Each structure stands twice: as structure tokens, then as C-alpha cells.
Amino acid sequence: MHRISRRSLSSIFRHGAPYRNAAAPISCSSPHSGTVVGENDTKVRWHSVSVGGKCNPAKSTTQLNLKNGLYFGGNRYESTAAASSSDATGAPPVEKYEYQAEVSRLMDLIVNSLYSNKEVFLRELISNASDALDKLRFLSVTDPDLLKGGGDLDIRIQTDTDNGIINITDSGIGMTREELVDCLGTIAQSGTSKFLKALKDSKDAGCDNNLIGQFGVGFYSSFLVADRVVVSTKSPKSDKQYVWQGEANASSYTIQEETDPEKILPRGTRLTLYLKRDDKGFAHPERIQKLVKNYSQFVSFPIYTWQEKGYTKEVEVDEDPTESKKDEEGKTEKKKKTKTVVEKYWDWDLTNETQPIWLRNPKEVTTEDYNEFYKRTFNEYLDPLASSHFTTEGEVEFRSILYVPAVTPMGKDDMINPKTKNIRLHVKRVFISDDFDGELFPRYLSFVKGVVDSNDLPLNVSREILQESRIVRIMRKRLVRKAFDMILGISLSENREDYEKFWENFGKHLKLGCIEDRENHKRLAPLLRFFSSQSEDVMISLDEYVENMKPEQKDIYYIAADSVTSASKTPFLEKLLQKDLEVLYLVDPIDEVAITNLKSYKDKNFIDISKEDLDLGDKNEEKEKEIKQEFGQTCDWIKKRLGDKVASVQISNRLSTSPCVLVSGKFGWSANMERLMKAQTVGDTSSLEYMRGRRVFEINPEHQIIQNLNAASRINPDDADALRAIDLLYDAALVSSGFTPENPAELGGKIYEMMGLALSGKWSTPVAEVQEAPVVLPEPTMETLEAEVVEPVVADNQK
């Protein structure tokens, strides 16, 4: 690494050494050949360092670190503060000013309270520099002389890592002495806001502008990281250049005219930040480059950062003397040995993209461009499932690109943590934040990723916190609507696998939306997918269910269970399957709550077939009256036996093969919901008794067991076996209906007892055969007796 002497640099600038165009990289025919720079690269540019018109990246652009100052673009800037009065050299006097505000409190607010993140200081200062360039470009339309002699419109950032110094230079409009006093001497005084007010009052009020800083405190964010800040500025409206100096926690600042010819700027402003001890890490070039790409990637002017670069070249390697002797003795000619080395040098590197993709015409952007932007911005490796690029106009104007990811993030649960980093908010192309808590997107759509850029979004003075307002609510509605349109497009795709992949990853999010967002039920319902009694392998939509409904069917039937297998074997399905009525299987824990919140779809009510008063549309009042008269006494008998375990005993119209079933009350928890709520009590079941719904015991009058019990209730209602049969029926119905028995061991004992009665002597050997007889050879004439096998006697349908 080579250094350039101070004398060499001074002679270069005094004798008018050529400068390259700042907007282009160094032009060389070879990185190490020292070829003369071309004519097109000799435009005057005061930032660049060139030696003798040659391009030697290994020498001419070496970074210069000095203890007493920093070379920034060929201009050496002293780090010592200006004197308080004229010295012997005849330097102009330093003018001292008091801040025109209660600075001790305001500066404390700015440094310690206003900004939540120190790194935003660079965003604020770049935004101010961009505003200065925008003002110059706007004013030059009517006064082209303002652009003369100032070079290209850009922003350049150079750091001195050793001394902890950052220089930010723009070639914008600059400031006069009066503007320095007005804008930097008064906290919260914004030159940008004054400029906008002047535009509004003038005849050019209708012109478009993209000025960013309007609050007037962006400059003071520099004191988040700096103990001392020096502002050197030159306005094309003035012949003099002025230097503003201020320190953190000071009540005054100084302004002095710049007379050092090496520090004179053609036009614009240079900020020099002398960083605090704990914040000197910001002076690393890589850190600066990262912050620029994160916050100011799409500022409309090029931003150059001073970066270390390298190029490879071949160099000769000294040969071993012993090998050279052998070569001489053998008189053989060998090629000289070489190795590849990396020569490092320092040069300007274009860090930002001046044209963000969302400002381009969607017709001109390809799918590959959208996918590349998505992968680069959100650090993804898979292409998104869908994207939406749109512009909203009217009372609220903003541009946005939204994406649906291909997979869920690894190791994260966005449904639980609403603060995701998926939506990047920009205001006038400057990144503001990606840390939101439901302001722009509801929690259930937190998986959607994208960029939102607005020119008039209401932010607080630090530009970090989004204020709740009517504009924000309108933006949220439109973003949600576009997200639903994008998801609906996936569901309507010819490739069914695309939506199956989406539903597998994000289906739970949409179900959560059914619970949290009542306003969008009509958009959410068509996107839902469920298994059903007629489609146990492939999920169907509600639209497909409605299309398959019977002409006389009025409702949408569903059953909640823990799996498709459990749902398909439940006794509640028997009569519906007989009638060929389709039933939705809700096997996800959130399904039942989501459907309950939807209530209906296309004027079809959702009906839980495990609840009482199920109407299948086949009522026969005369037949029901006859059955009630015949089994009314049996129902009362069973209710008396079960007591408070059930609210009532009724004749069922939903059973065909099972003897009984236990259904939930119309407004109570289903068996599935009761099981889920019990699992969430963490052992405390005291509240369940208050929330548990009434249970109704329904019997099937056509089943043999119920008919036998009906006979027992008339002949001998106190028969112990009949009463035990009722208890066992209730316990069996409890399990088959999805409830959890209160005493599983007692239920097991009853089952074992009934099994013992049923199997008693079923396969046992009769006693006559078990007795041992003396071994006597039978006489030929003796008759052989055959043992008689006695079957168990059936009594009251029990063996």
C-alpha cells in the first residue's frame, strides 16, 4: 500500500491535475499498466484523486489516514477546531452564536429519545443531501448557471477508520451564512419545509417534488454518534464558503469563513463527523456501505462510498539457488516461475440503485426481475408463489410490490409474533422501518412480504413510528385487498399444486383471519380448504361443497375431530351418509373456531352435526309421536339412572347402526372443543364446569339393545343387569362421541365384567371330560358315551 505526500497533492491541485467523471469508475486499459486516462474521463471532479493524469489504482487512490486531518477527495481537511479570534496568519474571525432554542432539553430529546436506533443518522444525513441536490436540480430549470463548475449531482461518503471520522459530501445547492444560521442554528427549523412553502405560494405550486426532510431535526441526528460536527458549505449564490462547527451538549456554535484553498468546494456541502469513542465502528467502510444499502438504496442520486478494492496480477518468484545451478549444468531453459497476487487499492464504489423496481412500469418488468428483487431484498432462495405490483391513486397515493413466499420461515411462527420484518416501508424511496405491529398488515397476513413506498405517509418527527390516522387505515385496506387478490389468483391457477403448497404453509393464517377480521369474511371464505366425507384424500373448497349439495339441502354440515379417521368413524355421520349428504371434516384445532365465526357461506348456515336439534329435512311428525309414546317411559327411566350426567334423554334421528350417542347442547362446547379447552387449562379445570355445555343422551329405537332395555323398563326397572347396561351404554357413548370419560379405570372394569359374562364357558371344557378315569381297555361290546356340550343360557340378552 503506497501513500502520497502532502506536497505532491498540493502541487497536483494547484497545477490543475485532470479529474475523472465521478459517475463512472476509473477508466484503464489494464489495472496495473499505468495507461493514461481517456479524454472522456478528464472532466473536472473535485472529489477524485489522480496523479499526473495516470490511472494507477495501486497508488493514486490509496486511502490516506492522517492523525491531524483526513484527505477527502483530494482536499485535506484539518480536524482541529477553528480559533475563537483572528490569528497571526490573517484568518477571518470566528463568529460565535447561541442556539435559538432551549437546546439543552431539545438536544437531549433528539439524542436520547427521538430516535430509537443510532444507525438512522446516516439515513437522515443522506436524505438532507438528496434534498439539497433536488433543490439545485429544480432551481437550475430557471437558472442554469447554478450548475456551472460544480460537477455531477451525487453524494460521496468517505471514512477514516483509525480516527473515527466520517465525511458526507454532496454537490447540491449549499448554504449561505444566513442559511447556516437559520437552518442549523435553530433546532426544528427545516430549510426543506421553507422551500416547499415557497413552492406552494408561487405559481409553480403544481410541480412535482420529492424532497424528504421536512422536520428540521434530521441534521441533529448526527449527534447520536458524533461528539463534534463540522459543516463546510458553498452556495452558488455566494462567493464565499462557510464552516459551521458544533459540539454535542453545547449551547452555542461557531461560523467561520473558509480561506484554505485546499478546502474550497466548487459547490455543495461537506459534513465531517468526529465519532464518539463507543461509535467509531460506524467509520468502517463496510458498515457504511451496508447502512446505505439498507436505508438509502433507492435515493434518486448516485451514492458513492470509499471502498478498498483489489485486482490480481502475475509476479515473478525468486528461484531456489540449488535449482538454478542444476539448470545451468543441464543447460536447459525453463520458464520463469510466477504467482498470482492481489493488489489492493481504494476507489469510489457506486452503492445504491437510483431507480427502484416499484417505480418502473409493470409492463416493462419481467417475472425474473420481480423474483430477483424478492430474493435480494428478503434474503430468500426460492421464487415466490405470486407477486403483485400496483399503484394506488386518489386520496391516498402509494406504490407497492407484494409477494407470497413459497415456504414458511424456518424456526419462526409469525402467527404468534406479529412483529415481522416482511413489509419494508419507504417514504420517498427512503427506507423508514420494517418493524410494525399490525399497522399496515393484519397479523394473519404477516406472511406476505413486500415494499410500500408513499410520498405523503404521516410519520412522527423521527420518521420511525407510523402514526394511526385515516390515511394509514385506507392504506391498510387497500394492501389487504391486493393481498387477497394475489392469493385468489393462486387458488384459480391451473396448477392445483400451487395452492396446495400455499395452503400447507399458510392455511392456518387464513383461518386465523376468520376469527380476527370479520370485515373480510367474504374474501377469506372462498380460500378455505377442508377434507370431507366424500373427499378424504383431497381438500375441497366451500364453493365445491355448495356445488355438490343436494337440491333439498339447506345447510352446510361439519364435524370436528382430531383426525380424518376419527371423523369418518363417528356415529354422528350414520344417517347423513345414508342420505348421501356431504359433511366437512374439521381436523385442525383452529378449524371449529374459524367456522363458528364465519357462521354462513352463500346464505348456507354451518351446522355442527354433533349438536342437538339436528334437522336433516325428513321429519315425520306422526311417526315421531308414535315412537315417543312407545319409548317415552324408557327415556325417563334412563334419565333417572344417569341423573345429572345428562340434561335429557331423547329419541335420535341421526343414528342408524349405533344404539346411542351423546350430543352437545346447541349453544355449548362440542366434544372436540371441550377437549381442546381442557388441554389449555394447564391442569386447572375449575373453569371448565362453568363453560361446559349441556349433554343430551340420544337413543336409537331401532337398535336391539335399546329395544331390550325398553322391555326391561316395563317389566323390571330395578333389575341390576339392566341398570349396569345403562351405565355401560353411557360410558361407551361418551367415548364414541369424542368425550373423555371422567373415570377410565371404572369404565374398563365395567367392560371386563360384561366380557366375563359374555365369554363365560364359551370355550371351556365340560367337567365330565376334565375328571380322570381309570385306564381300562374298553370291551368290544361296551358302548361309548359322548359328552354333551352345554351352551351358555341367554338371559335378558346377556350371556
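Leaving aside residues up to four places away in sequence, Thr-570 touches Ile-559 and Ser-736. In this predicted model, Thr-570 sits in the loop between α13 (564-569) and α14 (574-578). Its relative accessible area is 10%, and because buried means under 20%, Thr-570 counts as buried.

One of the two contacts of Thr-570, Ile-559, leads to strand β19, which spans residues 556-560 and pairs with strand β22 (residues 604-608) in the parallel sense over three bridges. Within this pairing, Tyr-557 has Ile-607 in β22 as its bridge partner. Strand β22 is also joined to strand β21 (residues 600-601), here by two bridges, and these two strands run antiparallel. Ser-600 finds its bridge partner in β22 at Asn-605. The hairpin formed by β21 and β22 has two residues between the strands, and in this hairpin Lys-602 takes a positive phi near 50°. As background to these pairings, strands of a sheet pair through backbone hydrogen bonds, either parallel or antiparallel.

Another strand, β18 (residues 535-541), holds Glu-536. Is this glutamate buried, exposed or partly exposed? With a relative accessibility of 36%, Glu-536 counts as partly exposed, since that class lies between the 20% limit for buried and the 50% limit for exposed. Not counting residues up to four places away in sequence, Glu-536 touches Phe-531, Val-564, Ser-568 and Tyr-585; among these, Val-564 and Ser-568 fall within α13 (564-569), the helix that precedes the loop of Thr-570. Glu-536 can also be placed relative to Leu-584, which is 48 residues apart from it along the chain, with 9.5 Å separating the two C-alpha atoms.

Further along the chain, an open sheet of three strands is arranged in the order β23-β25-β24, and its pairing is mixed. The strands β23 (648-651) and β24 (660-664) stand at the edges with a single partner strand each, so each of them has one side left without a neighbour in the sheet. On average, neighbouring strands of this sheet are turned by 30° against each other when direction is ignored. β23 pairs with strand β25 (residues 695-699) in the parallel sense, over four bridges, and Ser-648 stands opposite Val-696 in β25. Helix α16 (residues 621-642) lies across both β23 and β25, and it runs at about 155° to β23.

A side-chain contact links this sheet to another helix. Which residue does the side chain of Glu-674 meet in a polar contact? The partner is the side chain of Arg-695, at 2.7 Å, and Arg-695 belongs to β25, which covers residues 695-699. Glu-674 itself is found in helix α17 (residues 671-679), and with a relative accessible area of 6% Glu-674 is buried.

Finally, the confidence of the prediction deserves attention when these details are read. The protein chain has a mean pLDDT of 77, and 72% of its residues reach 70 or more. Over residues 781-790 the pLDDT stays under 50, and for this stretch the model has two contacts beyond four places in sequence. Residues 792-799 likewise have a pLDDT below 50, although this stretch has 12 contacts in the model beyond near neighbours in sequence.

Definitions and conventions: Residues numbered from 1 in each chain as written. Predicted model: local features only at pLDDT ≥ 70, side-chain atom pairs only at ≥ 80, totals over all residues. Heavy atoms only, no water. pLDDT = per-residue confidence, 0-100. Contact = heavy atoms within 4.5 Å. Pairing = 2+ DSSP bridges. Axes fitted to C-alpha atoms, helices over the stretch in contact; angles between N-to-C directions. Buried < 20%, exposed > 50% of the residue type's maximum accessible area, 1.4 Å probe, protein only. Polar contact = N/O pair within 3.5 Å; in protein donor to acceptor, adjacent residues only side chain to side chain.
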